[in-house]
Amino acid sequence: MCGIVGYVGAKPVVKILLDGLSKLEYRGYDSAGLAVNSDGKIKIFKAEGKLQNLKDIMEKNPVSNTTMGIGHIRWATHGAPTTVNAHPHSCNCGKLVVVHNGIIENFKELREELEGYGCVFKTETDTETVAHLIAHEYGKLNSLPKAVRAAVKQLKGAYALCVMHQDEPNVLVGTRKNAPLIVALGEGENYLASDCPAIIEYTKRVIYLDDDEVAVLTPDTVLITDIDGKQVVKKEEILPWEPVAISKMGYKHFMLKEIHEQPDVIRNALAGKLHDVNSPVKLDEVKLTAEQIKNLKRIEIIACGTSLHAAMIAKYIIEAFCNIPVDVEASSEYIYRKTVTDKNTLVIGISQSGETSDTITAIRQAKAVGSHVLIITNRPDSIMAREADSLIPVNAGIEVSVAATKSFNAQLIALYLFAIYIAEIKDSFDKIHIKNLKQEMLELPAKVEIILSHKENIMKCAKTFSSFRNFIYIARGINYAAALEGALKLKEISYINATGYPAGELKHGPIAMLDETMPVLAILMPGVVYDKVLSNAEESKARNARLIALTSSEDKELENLFEYILKVPTVDEYLSPVLTSVPLQLLAYYIAEFLGKDVDQPRNLAKSVTVE
Ligand code: G6P
């Protein structure tokens, strides 16, 4: 979380920083700030709350003769999201300024030491320690790059830092460890940023920094060294996106646009891997040999948030198709217990961003004990992708809305392809069924289009239920995780307390909460658990709960039981979460819209969680 932009060059610095920060708002949005070198002096501007507040301040305070600047958008970790705690932070004399993404774990010890040298702290943040520390080293070394290198050797934790000093008006220094930072190259100008959207409007030429590398930028040069100052030769890469990929394209919110992109996202995810039902799934990205695949004894999938729900669905299909036991675990749990992962276990990390801190730590732990690590991510340029043994990029395009939608379905498609790929190698699942599944996968984009072109009923349902404060989503089997994901969407963007339950568990406790104030949404897809979920819905009705069904069933009787019936096209039960997820995304979206919530940037959340 937190977004950083740095710029050195002749363009209007404030505009570049503010534009860049607005593209990074998905990383945090509780306060923002920037510092510029203007008329030879460092000037700092900060604002609490949304970036717009900083933009308003800059409107009223034009700056002149700028040579460079650094900007920051914050998701608070240490210290409340106040103006004073907003970045940039500076040293005693105010000549050195720093923006930071991450957490400095040893900041208290460093702070005590620096106070001993006379440093006066003005904020509660860990970042201010870094400003004083670099300034302290600057006093000894009289060179910003050298001071940064000396200072970061003393830091413990995670950081991406961008630093400038008044006395070096054309030198911008950036460094990182366990937090993302890229260098972007222009003509007579250069940039630093947490992520590509911040700079894509200006340049597509980037260099990805690795941990413990220090980049020294002037308008015309970029020098990258290791932490000891030894030059590192880096590869320049060209970003594959157009700036239009991060525009709303006429939709009111990014979330709504991204929900509507799903038919194309599914087509993209299938492209080149499945084109006809008679050929095996092609997954060149999986680097395991057929022999290794046949010998796989276990698969562990680790992920967070929405990606964790995709993992739960994957467990269901991999076990069914491939006959391999699958464990699914939240990365944050995986990393703090003894795991029996070994070299005969395949570890799959799923992550939209590829930079979620807990998942990175988890895959590193798995690699350390010799497991092959397969990463499924939307960001082939991310830290996780770079560390993967095998990589399946899901190609959903940049997802801006904090609540994940299209990336979830893209992940599911990648996981279906993976399960079928393994099943074909192992010959572990009925061939006719596989052929039918492939045919149905190719039809999924058209079926999602049908859902998207009939939204009126979902909108009506959203309006009816938008005033409720609680919700229960029930399902069984493969759609249980879809229920969890639907409930998560509602919680994230409308702040309604929505809980997903396996329908059979309702009577073991949650049923006590049911009355007319607790609506129950039942995912009722024809298949092995249809009748069971229907009975559980009847039990809810008997406790006066108001009921919504999400189903492909044509059974007219359902109208007697359910107040709303949200329809999806008929589909093989194994593939049904791809369809059931879409009305649940839309339901959450419209409820949040009716409530006037900030759909794309819900309170307290951030899209990339780069801290533990
Ligand atoms: C954050 C986001 C979620 C996301 C989760 C995992 O909490 O708000 O939408 O599902 O991180 O992110 P990842 O990028 O690893 O999928």
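Me: What distance makes the pair formed by a backbone atom of Gln352 and an oxygen atom of the ligand a polar contact?

Reply: The polar backbone atom of Gln352 and the oxygen atom of the ligand are 2.7 Å apart. A polar contact is a pair of N or O atoms within 3.5 Å (within protein, one must be able to donate a hydrogen and the other to accept it, and residues adjacent in sequence count only if both atoms are side-chain atoms); the pair therefore qualifies. The model is predicted: local features need pLDDT of at least 70, side-chain atom pairs count only at pLDDT 80 or more, and totals for chains, interfaces and linings use all residues. Residues are numbered from 1 along each chain as its sequence is written, and side-chain values use heavy atoms, without hydrogens and water.

Me: Which atoms of Ser307 and Val402 lie within that limit of the ligand, and at what distances?

Reply: Ser307 places a polar side-chain atom 2.6 Å from a ligand oxygen. For Val402, a backbone N or O atom lies 3.3 Å from an oxygen atom of the ligand. The protein buries 91% of the 380 Å² that the ligand exposes when taken alone, by the Shrake-Rupley method with a 1.4 Å probe.

Me: How many residues surround the ligand, and which are the closest?

Reply: There are 14 such residues, the closest being Ser307, Ser351, Gln352, Ser353 and Thr356. A residue is near a molecule if one of its heavy atoms lies within 4 Å of it. This shell divides into five nonpolar, seven polar and two charged residues. Helix 9 (residues 305-322) gives the most to it, with three residues.

Me: What is notable about the peptide bond from His87 to Pro88, and where does Pro88 lie?

Reply: That bond is cis, with omega near 5°. Pro88 belongs to the loop between strand 4 (66-74) and strand 5 (89-90).

Me: What is the phi of Asp212, and where does this residue lie?

Reply: Phi is near 65° at Asp212, a positive value in a residue other than glycine. The loop between strand 11 (205-208) and strand 12 (214-217) contains Asp212.

Notes: Helices (H or I, at least four residues) and strands (E, at least two) are DSSP runs, numbered from the N terminus. Ala, Val, Leu, Ile, Met, Phe, Trp, Tyr, Cys and Pro count as nonpolar, Asp, Glu, Lys and Arg as charged, and the others, Gly among them, as polar.
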